[in-house]
Structures are given as C-alpha cells and as structure tokens.
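User: I have a chain to study. Can you take me through it by question and answer?

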Amino acid sequence: EERDQVEKVQSSYDDIVADKESRDAETTEKLVETTKLLEEDRAANAQLFEQVQAKQREEEEFEVECEETKVSNDEVIAKTETEANEANVEFEVLKGEEVAVDAESPEAEAEKEMAETIRGGELLVED
C-alpha cells in the first residue's frame, strides 16, 4: 500500500511537472510571439520615423526654395519698378521738351489763334 501511495505521489508529481512544462512551453511561445510583434512594431516605427524626417527635410527645402523665390521676385519687382520710374521720368522729360518745342512752332501759334477765334465766336453767339 505504501508503494501505491508513492506511485500516486510520483504520478501526481509527474502530472504537476508535465502541466508546468506545458505552461512554460505556452508562455515561451507567447513570449516569442510577443517579441516578434514588438520587433515588427519597432521596425514599422523606425520606418515611419524615417519617413517623417524625410518629409520634414522636404518641407524645409521647399520653404528655403520659396524664400529664395520670394527674394528673387522681390528683386525683379524692385528692378522693374526702378526701370518703370526711370522710363516715366524720361517720358516726362521728353514730353516737356515736346511741349516746349510745340509751343515755339508756327503750327502752335496758328492753333492758339484759331482757338482764340473760336472762343471769340462763341462769345458773340452767346451775346
């Protein structure tokens, strides 16, 4: 009977050890699976981080290009405004010279006399 009891205890112990080994195997399997998932997540996060950094570099480069374009456009606008102002000054000078020349010409004198005659005629008509 003692032998039966030892065998029962041994069998019970063997069952406990087998159950523990089974649970250990399941735990190890889950740990391996979890570790694999964590590594995949880390790899995905690293890839996303690289993509975000690349996008930020692109945006910074674009901002620099925009600023350079703005500066270039501002320079072109300033140059164009300066040229336009110079052309306007030159035009006004030429226009002033033309007016002065026209005022001295015989045609201008005839036009003045005709305008005075017309004005005089209008005055007579009004009376």
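The turns below cover the helices, the surface and the charges of this predicted model.

User: How many helices and how many strands are there in the chain?
Analyst: This model is predicted, so its values are computed from the model. Strands come to zero in the chain. The helix count is two.

User: What percentage of the residues count as buried?
Analyst: A residue is buried when its relative accessible area is under 20%. The chain has 127 residues. The share of them that count as buried is 2%.

User: How much of the accessible surface belongs to carbon and sulfur atoms?
Analyst: Start with the total for the chain, about 11,900 Å². The part that belongs to carbon and sulfur atoms is 54%.

User: What does D19 form a salt bridge with?
Analyst: Side chains of opposite charge can pair when their charged atoms come close. For D19, the closest N and O atoms of the pair are 3.3 Å apart, and the cut-off is 4 Å. Both residues lie in helix α1, four residues apart, about one turn of the helix. The partner of D19 is R23.

User: Are D19 and R23 buried, partly exposed or exposed?
Analyst: Partly exposed covers the range between under 20% and over 50%. D19 has 41% relative accessibility. R23 has 46%. Because both values fall in that range, D19 and R23 count as partly exposed.

User: How far apart are the closest N and O atoms of D24 and K20?
Analyst: D24 and K20 both lie in helix α1. They are four residues apart, about one turn of the helix. D24 is partly exposed at 36% relative accessible area, and K20 is partly exposed at 46%. Their salt bridge has its closest N and O atoms apart by 2.9 Å.

User: Which residue does K70 meet in a salt bridge?
Analyst: The N to O distance is 3.0 Å. K70 and its partner are four residues apart in helix α1, about one turn of the helix. K70 is partly exposed at 46%, and the partner is partly exposed at 39%. That partner is D74.

User: How many salt bridges does a search of the whole structure find?
Analyst: D19 with R23 is one of them. K70 with D74 is another. The search of the whole structure finds five.

User: Which helix does E60 of the negative surface patch lie in?
Analyst: The patch is formed by E59, E60, E61, E63, E65, E67 and E68. Glu counts as negative, so the patch is negative. The helix that holds E60 covers residues 2–104. That helix is α1.

Conventions. Residues are numbered from 1 along each chain as its sequence is written. This is a predicted model: local features need pLDDT of at least 70, side-chain atom pairs count only at pLDDT 80 or more; totals for chains, interfaces and linings use all residues. Side-chain values use heavy atoms; hydrogens and water are left out. Patches are made of residues with over 30% relative accessible area and no salt bridge: like charges are joined within 9 Å, nonpolar side chains (Val, Leu, Ile, Met, Phe, Trp, Tyr) within 5 Å. Accessible areas come from the Shrake-Rupley method with a 1.4 Å probe; for residues, only the protein chains shown count as cover. A salt bridge is a side-chain nitrogen of Lys or Arg within 4 Å of a carboxyl oxygen of Asp or Glu. The place of a charge is taken as NZ of Lys, CZ of Arg, CG of Asp or CD of Glu. Buried means under 20% relative accessible area, exposed over 50%, partly exposed in between (1.4 Å probe, protein chains only).
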